[in-house]
Amino acid sequence: MPMSRPWLYGMLTSVMILWGLNVIAVKWIVSAFSPVTITSIRIFAASMTLMPIIVLGRLIKRPTGREFWHLLMISLTGVLAHHFFLAVGLANTTSANGGLILGTVPIVTSILASVMLGVRLSLFRIAGLISGFCGIFLIMVSQQDSTWHFSWGDIFMFGAVLAQAISFIFIRKITATMEAAVVTGLTQLFGSFLLFLVALQLEPLGLASLREGTLFDWSVVIASGVLATGIGHLVYNTAIQKVGPVEATVFLNMTPFFSLLGSALLLGETLLPQHFISFICIVAGVILGTGLVDEWYRQQKLKRQANIPSQKSVHK
């Protein structure tokens, strides 16, 4: 679908606000229901949101062997693994911690892009990786009770980060030949079934927990699935298709801020000094690690080189 860059960037900013607040929504959801069971339903609702676009737009085509492989990998990493780790992680940590850890997705994506897509890691990017991982290490070892140890919930959240970053690389590859809406809808549909199968094994009482939810709980489930996961991922995957995974992930820099804000205002969580230190480290890591400083430095170098001939002609 044709989309100008300013419009795309505006849409991405809106999605980042939505995703930042969605961390709060998912925290609420996994506290009200069995985490993996309700996550499979939430992702299924997201896929159903996109089916009218896919069917009415006649976007479905028979995938090639390479495309099928990429769809499978996205389903396993970006849906099954990411949302499994996200659900279990947020059930065992605070949304503030979860939001900050998710903010490192751009850094991990940059590393994977260097390995899988041949993107070179400059000194600025390496410095960004170190800064970002310092931030994530600080938030993972510091706890609300002022003790210092690793939390299983935070470790699961980093698993969600790694899984999503891997999926972004495969999304970049497949959207070169397949519409982003089809990729998003099909992988969410297949991934939701995989999540449901996992839930049946891990949560025997998961279906029974669905009867315990209030009308508000279910409203949060539907809003999270339709808006944040369905439409949000459609916009984001379209951005990956247009500008690539590294540039698109720069916008994920915004999500930790809205997650922290929502955690304090909506859930009443206590924000500690290390939350803000981690936030600064992660933001600095994203700016350095995704190539923004490299691009600025390259532009400045080109300007200086362009000025050299004109200065010589003046001296002549």
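Trainee: Why does Lys61 count as partly exposed?

Mentor: Lys61 has a relative accessibility of 42%. Under 20% relative accessible area is buried, over 50% is exposed, and anything in between is partly exposed (1.4 Å probe, protein chains only). Lys61 therefore falls in the middle class at 42%. Do keep in mind that this is a predicted model, where local features need pLDDT of at least 70 and side-chain atom pairs pLDDT 80 or more, while totals for chains, interfaces and linings use all residues. Residues are numbered from 1 along each chain as its sequence is written, and side-chain values use heavy atoms, without hydrogens and water.

Trainee: What makes Lys61 and Glu67 a salt bridge?

Mentor: The closest N and O atoms of Glu67 and Lys61 are 3.4 Å apart. A salt bridge needs a side-chain nitrogen of Lys or Arg within 4 Å of a carboxyl oxygen of Asp or Glu, and 3.4 Å satisfies that. The structure holds one salt bridge. Unlike its partly exposed partner, Glu67 is buried, because its relative accessibility is 5%.

Trainee: How do you know that Glu203 has no salt bridge?

Mentor: Its nearest side chain of opposite charge (Lys and Arg count as positive, Asp and Glu as negative; His and the chain ends are not counted) is Arg42, 12 Å away. Glu203 is nevertheless buried. The residue is found in the loop between helix H8 (180-202) and helix H9 (206-209), where helices are DSSP runs of H or I with at least four residues, and strands are E runs of at least two, numbered from the N terminus. Leaving aside residues up to four places away in sequence, Glu203 touches Ser34, Pro35, Val36 and Thr37, contact meaning heavy atoms within 4.5 Å.

Trainee: What makes helix H4 largely enclosed?

Mentor: Eight of the eight residues of H4 (residues 95-102) are buried, so the rest of the structure largely encloses this helix. Asn97, Gly98 and Leu100 are among them. Thr94 caps the N-terminal end of H4, with a side-chain oxygen 3.1 Å from the backbone nitrogen of Asn97.

Trainee: Why is the Phe168 and Tyr236 pair called tilted?

Mentor: Rings of Phe, Tyr and Trp (its six-membered ring) pair if their centres lie within 6.5 Å; planes under 30 degrees apart are stacked, over 60 edge-to-face, and the rest tilted. Here the centres are 5.0 Å apart and the planes are at 40°, so the pair is tilted. Phe168 in helix H7 and Tyr236 in helix H10 (residues 215-243) are 68 residues apart. Both are buried, and ring pairs link them with Trp19 into a cluster.

Trainee: How many aromatic pairs are there by this rule?

Mentor: The count comes to eight. Another of them is the tilted pair Phe84 and Phe156, at 6.4 Å centre to centre and 55° between the planes. This pair joins helix H3 (residues 65-90) to helix H7 (residues 152-174), 72 residues apart. Phe156 counts as partly exposed because its relative accessibility is 23%.

Trainee: What is notable about the phi of Arg58?

Mentor: Arg58 has a positive phi of about 50° although it is not a glycine. Most residues other than glycine have a negative phi. Arg58 sits in the loop between helix H2 (35-56) and H3, and it is exposed because its relative accessible area is 76%.

Trainee: And the whole protein: which elements does it have?

Mentor: The protein has 14 helices and zero strands, and buried residues make up 53% of its 316 residues.

How values were computed:
Polar contact = N/O pair within 3.5 Å; in protein donor to acceptor, adjacent residues only side chain to side chain.
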